[in-house]
Amino acid sequence: MLDLEQLFADLHRLESELNEMGAEAVLDERDDGMPEFHFGEFGGGLEYDKKGFRFTIWAGEKDNVFETVFYKEFRHELIRRLANQYERKAEDVRDGWKKLSGDDTPMPDNLVKKADGYSSQAEKLRDAIKDDGVPVFIDDFADFKLLRQHDPYDLLTGATGDRLRKMGLVERKYNRDQVFDELTDKGRAAIEYTERTMGISLK
């Protein structure tokens, strides 16, 4: 049984941590008394039902839910999604200017500062979870399916292979006349972790 007082303390500590990083986090209280965060595209907090207390994160509809009883995993996933949201904001600013003025017109300083600020915030958040020991959550269903069905001697080509190697989930190997991509320990841990927490509809 999770300790309710400790759960509330953990969430308030996370609220303070996020605000110290400049992420403007507010821990609200629902009508049922359970605490939760809202970050525009998604939210997360504490839930209680017949299964007991657990941390949840949702995006869009409430049936699209990541669940865990481990605060460490909740913190990691919440911060990871928040970092991605800030990076998308940076991309929206840059893409919006390109659509308005074309590729050859430099962005004005105020927009450069705005986009760079969002990217800097994303990097700061990612640094906060870089070495926390939580496996990678594979939030692209095509990647998850590919890795789950990966044959030891499969060669992953193109942008997908490059991305998965960059993430450290597979590693390029050479054996005599064979070239293939092998699942790493990090990749196997990511598959197991995603399987356990894939109550969310992977996108």
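Tutor: Before we start: contact here means heavy atoms within 4.5 Å. Keep in mind, too, that this is a predicted model.

Student: Okay, let's use that on H76. Leaving aside neighbours within four places in sequence, which residues is H76 in contact with?

Tutor: Once those sequence neighbours are set aside, H76 touches I129, D132, V134 and P135.

Student: And where is H76 found?

Tutor: Look at helix α2, which covers residues 71-101; H76 sits in that helix.

Student: How do I read accessibility for H76: buried or exposed?

Tutor: The idea is to compare relative accessible area with a cut-off, and buried means under 20%. H76 comes out at 8% relative accessibility, so H76 counts as buried.

Student: Zooming out, what share of the protein chain is buried?

Tutor: Of the 203 residues in the protein chain, 42% are buried.

Student: What about contacts along the chain: how much comes from residues 24 or more positions apart?

Tutor: Take the contacts with a separation of 6 or more: 51% of them join residues 24 or more positions apart.

Student: How many helices and strands should I look for?

Tutor: You'll find six helices and seven strands in the protein chain. Going from the N terminus, the order is α-β-β-β-β-β-α-α-α-α-β-β-α.

Student: And how do I read the charges: how many positive and negative side chains are there?

Tutor: Count each set, then compare their centres. The protein chain carries 32 positive and 45 negative side chains, with the two centres 3 Å apart.

Student: Last one: what is the accessible surface of the protein chain?

Tutor: That comes to about 12,000 Å², and carbon and sulfur atoms account for 48% of it.

Methods. Residues are numbered from 1 along each chain as its sequence is written. This is a predicted model: local features need pLDDT of at least 70, side-chain atom pairs count only at pLDDT 80 or more; totals for chains, interfaces and linings use all residues. Side-chain values use heavy atoms; hydrogens and water are left out. Helices (H or I, at least four residues) and strands (E, at least two) are DSSP runs, numbered from the N terminus. Buried means under 20% relative accessible area, exposed over 50%, partly exposed in between (1.4 Å probe, protein chains only). Accessible areas come from the Shrake-Rupley method with a 1.4 Å probe; for residues, only the protein chains shown count as cover. Lys and Arg count as positive and Asp and Glu as negative; His and the chain ends are not counted. The place of a charge is taken as NZ of Lys, CZ of Arg, CG of Asp or CD of Glu.
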